[in-house]
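Okay, thanks for making the time, everyone. I'd like to walk through the side-chain contacts in this one, so let's get the sequence and structure up on the screen.

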Amino acid sequence: MLAPLALAQFICSFAGSNMNVMINDISTDLDTTVQGVQIAITIFLLVMAALMIPGGKLTDRYGRKRCFLLGLATYGIGALLSAAAPGLGVLILGNSILEGIGTALLIPPVYILTTLLYTDVTSRARAFGTIMALGGIGAAAGPLIGGLITSVLSWRAAFVFQALVIALILILSRRIEDPLPPDPTRSFDTGGAILSAAGLILLVMGILAADNNLWLMTGLLLLGALVLVWFFRSVRAKEAAGKEPLLSTSMFRNRTSNLGMVTQNVQWLLLMGVSFTVAAYLQVVRGYDAIGTGVIFTAATLGLLASSLAAERLAKRHAQRTLIMTGFAVAIAGIGILIGMVSGFPSAWAFAPGLLLIGLGLGVMLTPSVNVVQSSFPEEQQGEISGLSRSVSNLGSSLGTAVAGTILVAGLTTSAYGAAMITLAVIGLAGFVAAVLLPRTTTVG
């Protein structure tokens, strides 16, 4: 039963990064710009983040397997529509909107079902290790696989590939059994879902506006913050009235879980930010094609694969806090080496050492961060925490593309590349501090 769940995480992570190597091909074919493709990628990641909390909540009402299958079907339709897109608008509808909605429906059940089906900490750590390994590999190998498909066939074939993987997951999903029956009487906070989604969208759109209009950026960021304050006030009001809100405030009273979610957010921000920045720089500044760009990213994929395969063994020997701290330290060192090597050596091989270390660092800490958060709550709250946790991670992905991409697109030069990478390293330091603050006793086995 783990195979379809892990493959689902793989394809969703793959979708978030494989377009990075198609920037030139898509912009030329659809008569758009690098910024247009960046916006499409960011909207996809943002739709996931904005709808992940409502998606997690719907699993309690309609059942985890039913939401999983509906999400797969929606994603598959979006992938096929993207493959046939005549312009940027249809690509955004298929990839950014439909695939984003499908992901928000199918990802929370992946983590809820894993938590419910694997009850002891060792088997749960192993299961999460497999899922996070495939998720990380999907994100890291997305540029390579996408580059191969784009070079041999076309960028449209990469979306057909996604649809085929979705079909395979649907076949494998027949064996999945939902341990808990759905509860159709559970209420759903529609107003809260709208407010939370609107607030997150406004915040990220504000970051995207930074390279065009500072006043617009400030206005969107301020409006987004106000909408989120409105959302949390409405949550408290519903709880005081004895109603069930979209997200219980008790989710934020667990210090360990809060710190774990910060580390999750920063990890995916680093992964997607580095992926977009390096891919855009290689294609636009260095003139590499899709396959050349993808091959360079192999170093990150190998690093992430190696450390992910060792995740279970590492979890038995070291505290989760230690693994997360180590992962951040290695990834930040990788970014530093990447900046130094690329500025000092013109060869494409100069990217390999830094990307390898980034992959190793991310692979070490992805699984422990998820386990810290999921294991902090009982079974009856798994729907809420899974949606919140995945929303936080996908918000990190969208912020990574938005922040690094905005800096890079504002001036596609070596200095802009360095500025984007330095910004990511500073954000990585914030993740390291959050890891330091985790309890020392957070172990897996």
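Let's start with charge. The side chains of Asp29 and Arg156 come together in a salt bridge, at 3.3 Å from N to O. This pair joins distant parts of the chain, with Asp29 sitting in helix 2 (residues 23-29) and Arg156 in helix 7 (residues 155-172), 127 residues apart. And how many salt bridges does the count come to? One. Keep in mind, by the way, that this is a predicted model.

Is Asp29 buried or exposed? Somewhere in the middle: Asp29 is partly exposed, with a relative accessible area of 41%. Arg156 is partly exposed as well, and its relative accessible area is 22%. The cut-off for buried is under 20%, so with 22% Arg156 doesn't count as buried.

Right, on to the rings. The count here is four aromatic pairs. One of them is Phe10 with Phe14, which is stacked: 6.1 Å centre to centre, with 20° between the planes. These two are four residues apart in helix 1 (residues 2-17), so about one helical turn separates Phe10 from Phe14. Both Phe10 and Phe14 are buried.

Then Phe14 also pairs with Phe161. Their ring centres are 5.4 Å apart and the planes are at 65°, so this pair is edge-to-face. Phe14 belongs to helix 1 and Phe161 to helix 7, so the pair ties together parts 147 residues apart in sequence. As for exposure, Phe14 has a relative accessible area of 0%, whereas Phe161 is partly exposed at 25%. Put the three together, and Phe10, Phe14 and Phe161 make up one aromatic cluster.

Last topic, the nonpolar packing. The largest nonpolar core has 103 residues, and the members that touch the most others are Ile11, Met19, Phe68, Leu338, Phe351 and Leu355. Which helix gives the most to this core? That's helix 10 (residues 255-285), with 14 residues. There's also a second, separate core of 18 residues, and Leu195, Leu202, Met251 and Val392 are among them.

Let me zoom in on Met19 before I stop. What does Met19 touch, leaving out residues up to four places away in sequence? The list is Ile26, Val37, Ala40, Ile41, Leu91, Asn95 and Phe159.

Okay, that's my tour. Over to you.

Technical notes. Residues numbered from 1 in each chain as written. Predicted model: local features only at pLDDT ≥ 70, side-chain atom pairs only at ≥ 80, totals over all residues. Heavy atoms only, no water. Salt bridge = Lys/Arg side-chain N within 4 Å of Asp/Glu carboxyl O. Buried < 20%, exposed > 50% of the residue type's maximum accessible area, 1.4 Å probe, protein only. Core = buried A, V, L, I, M, F, W, Y, C linked by side-chain atoms within 4.5 Å. Contact = heavy atoms within 4.5 Å. Phe/Tyr/Trp six-rings, centres within 6.5 Å; stacked < 30°, edge-to-face > 60°.
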